[in-house]
Amino acid sequence: MIRQPSRHCTVELQAVPARIGHVRGIVSAQLRHWHLDALIDPASLGVTELLANVHRHARPSKQCTVELCVLLDQLTVSVHDLDPRLPRLRTADSWETSGRGLALIAALSESWGVRPHAPGKVVWFTLPALTTAPEGARALRTHWDTAPLQEVGTDPRPRNRSARVG
């Protein structure tokens, strides 16, 4: 039984720092419109990390598309860019100032993955999109707050989460 119809939002942009903040605002407004306020912080953080990766690594173009899709009780956030090289999850050393983006995505999401999508690739993550009362929203929001920072140098993915390629 479908409780809510599917919902979809797409934003095309150049992944440059000035645009990333703008997209965070769009994500926040769209999730508020869908009454998914509890997902604003983790979705905004995740999309910021994915767009920062496009800005830093994508070649030849920084052009990308951000997509939000709610189907049943799950929000999927994805970023499609034109670079066919697939990212990999790695463990950053404690002295490194970057390299934790996908580990952060893995820690804050239910599942995540990468798939080739001509031209380029799509990197995505999912969050539970259950409509919650304000008390439940606070609990969900604090669930991921500090976990990615507590285990630097270890695999941050809990065993019950999955990552898929394809």
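These questions and answers walk through a predicted model of one protein chain.

User: How many helices and strands does the chain have?
Analyst: Read along the sequence, the pattern is β-α-α-β-β-α-β-β-α-α-β. Each α is a helix and each β is a strand. The total comes to five helices and six strands.

User: Where in the chain is confidence highest, and where is it lowest?
Analyst: The mean pLDDT of the chain is 78, and 68% of its residues reach 70 or more. Helix H5, residues 147-150, has the lowest confidence, at a mean of 36. The highest is 97, in strand S3, residues 74-81.

User: Over which residues does pLDDT stay under 50?
Analyst: The model has 44 contacts beyond four places in sequence for this stretch. Where pLDDT is low, the predicted coordinates should not be read in detail. The stretch is residues 132-166.

User: In which sense do S1 and S2 pair?
Analyst: S1 covers residues 7-14, and S2 covers residues 63-71. Eight bridges link these two strands. One bridge sets arginine 7 against valine 70 in S2. The sense of the S1 and S2 pairing is antiparallel.

User: In the hairpin of S2 and S3, which residue takes a positive phi?
Analyst: S2 and S3 are antiparallel, with eight bridges. Among the partners are leucine 68 and valine 77, and cysteine 69 stands opposite threonine 76. Two residues lie between the strands. The residue with a positive phi, near 55°, is leucine 72.

User: Which strand is joined to S3 by eight bridges and covers residues 121-128?
Analyst: This strand runs antiparallel to S3. Serine 78 stands opposite its tryptophan 124. The strand is S5.

User: How many of the eight residues of S3 are buried?
Analyst: Buried means under 20% relative accessible area. Aspartate 81 lies in S3, and at 4% it counts as buried. S3 is largely enclosed by the rest of the structure, because its buried residues number six.

User: Which residue forms a salt bridge with aspartate 81?
Analyst: Side chains of opposite charge can pair when their charged atoms come close. Here the closest N and O atoms are 2.9 Å apart. Aspartate 81 lies in strand S3 and its partner in strand S5, so the pair ties together parts that are 40 residues apart in sequence. At 6% relative accessibility the partner counts as buried, and the partner is lysine 121.

User: Is arginine 85 buried or partly exposed?
Analyst: The search of the whole structure finds two salt bridges. One of them joins the side chains of arginine 85 and aspartate 83, at 2.6 Å from N to O. Aspartate 83 is buried, with a relative accessible area of 3%. Arginine 85 has 41%, which makes this residue partly exposed.

User: How many residues of helix H3 are buried?
Analyst: H3 spans residues 101-108 and is mostly covered. Its buried residues include Gly101, Leu104, Ile105 and Leu108. The count for H3 is eight of eight.

User: What share of the residues in the chain is buried?
Analyst: The chain has 166 residues. Its accessible surface comes to about 9500 Å², and 55% of that belongs to carbon and sulfur atoms. The buried share of the residues is 40%.

User: Among contacts between residues at least 6 apart in sequence, what share joins residues at least 24 apart?
Analyst: A contact here means heavy atoms within 4.5 Å. Contacts between residues at least 6 apart in sequence form the whole set. The share that joins residues at least 24 apart is 66%.

How values were computed. Residues are numbered from 1 along each chain as its sequence is written. This is a predicted model: local features need pLDDT of at least 70, side-chain atom pairs count only at pLDDT 80 or more; totals for chains, interfaces and linings use all residues. Side-chain values use heavy atoms; hydrogens and water are left out. Buried means under 20% relative accessible area, exposed over 50%, partly exposed in between (1.4 Å probe, protein chains only). Helices (H or I, at least four residues) and strands (E, at least two) are DSSP runs, numbered from the N terminus. pLDDT is the predictor's confidence in each residue, from 0 to 100. Accessible areas come from the Shrake-Rupley method with a 1.4 Å probe; for residues, only the protein chains shown count as cover. Two strands pair if DSSP finds at least two bridges between them. A salt bridge is a side-chain nitrogen of Lys or Arg within 4 Å of a carboxyl oxygen of Asp or Glu.
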